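Here is a friendly walk through one protein model, written for someone who thinks at the bench. Have a look at the sequence and the structure first, and then read on.

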Amino acid sequence: DRLHRIYGSNPFPEAPALGAWIAAHSTPDERVFVYGSEPELLFYADRESASRYVYVYPLTMPLPAAAARQDEALGEFDAAPPRFVVAAFVQTSLLEGPGTPPALKRGLRERIERDYQIAAVLPFADDRSARILEGKPARAMWNEQPLWDGATPWAAFVVWERVRE
């Protein structure tokens, strides 16, 4: 269909619905960390990024300064932990490869497992509709098939919410 042809696996068609969800579940002063290169989420949610890196490409591409940038992004995260962390585990959003430094993915995962819980998932649908699952159904989907280790993405977005201060 047209959306697949235009956007492929990029979760752009799903972004307006998730942006609206984030806006409805947060206040304007709460920030969002996007693990991926989907700054449109911040636009649709009318929220600020928790990092100056609204795209992760400078962090994940095998560039000379990528490791230092990853440390910087994690420092920003720690200095002002965001209300939400959103991940788009699609290769074109992350551009991770063999030369990608591991600190960002490892550090983000540690922080999420310690201080956050799954709040919502937006599974890919054949028609690219944006059906957002929240709470227990979202956690069940994630627990059945986490995407940290390169599994084929079944979700356009995964959202964690901070539960530990």
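A word on terms before the pocket: Ala, Val, Leu, Ile, Met, Phe, Trp, Tyr, Cys and Pro count as nonpolar, Asp, Glu, Lys and Arg as charged, and the others, Gly among them, as polar. Please keep in mind that this is a predicted model.

## The largest pocket

The largest pocket holds about 150 Å³ of space. Its lining divides into seven nonpolar, three polar and two charged residues. Among the lining residues are Phe89, Val90, Leu94, Leu147 and Trp148, along with Glu96 and Lys105.

## Salt bridges around helix α7

The model has nine salt bridges. A good place to begin is Arg109, which pairs with Glu113 at 3.0 Å between the closest N and O atoms. Both of these residues sit in helix α7, four residues apart, or about one turn of the helix. Arg109 is partly exposed, with 29% relative accessible area, whereas Glu113 is exposed at 55%.

Arg109 also forms a salt bridge with Asp149, where the closest N and O atoms are 3.5 Å apart. This pair ties together distant parts of the chain: Asp149 belongs to the loop between α8 (135-144) and β5 (155-162), Arg109 to helix α7, and 40 residues separate them. Asp149 is exposed, with a relative accessible area of 69%.

## A buried pair and a network

Is the salt bridge between Arg162 and Asp115 made by buried or exposed residues? Arg162 has a relative accessibility of 17% and Asp115 has 6%, so both fall under the 20% limit and count as buried. Their side chains meet at 3.6 Å, N to O. Here too, distant parts of the chain are linked, with Arg162 in strand β5 and Asp115 in helix α7, 47 residues apart. Elsewhere, Glu30, Arg83 and Glu161 are joined into one network by salt bridges that share partners.

## Loops and surface

Most residues other than glycine have a negative phi. Asp46 has a positive phi, near 55 degrees, and is found in the loop between α3 (40-45) and α4 (57-60). Asp46 is exposed, with 62% relative accessible area. Leu95 also has a positive phi, about 50 degrees; Leu95 lies in the loop between α6 (91-94) and α7 (103-115) and is partly exposed at 31%.

On the surface, Phe12, Phe43 and Tyr44 make a nonpolar patch of about 310 Å². Phe12 is placed in the loop between α1 (2-7) and α2 (15-24). With a relative accessible area of 31%, Phe12 is partly exposed.

Methods. Residues numbered from 1 in each chain as written. Predicted model: local features only at pLDDT ≥ 70, side-chain atom pairs only at ≥ 80, totals over all residues. Heavy atoms only, no water. Patch = residues over 30% accessible without salt bridge, like charges linked within 9 Å, V, L, I, M, F, W, Y side chains within 5 Å. Areas by Shrake-Rupley, 256 points an atom, 1.4 Å probe, with all protein chains shown as cover. Salt bridge = Lys/Arg side-chain N within 4 Å of Asp/Glu carboxyl O. Helix = DSSP H or I, 4+ residues; strand = E, 2+ residues; numbered from the N terminus. Buried < 20%, exposed > 50% of the residue type's maximum accessible area, 1.4 Å probe, protein only. 1 Å grid on protein atoms, 1.4 Å probe; cavity = no way out; pocket = protein on both sides within 12 Å on 5 of 7 lines; lining within 4 Å. Points joined across faces, edges and corners; volume = space filled by probe spheres on them.
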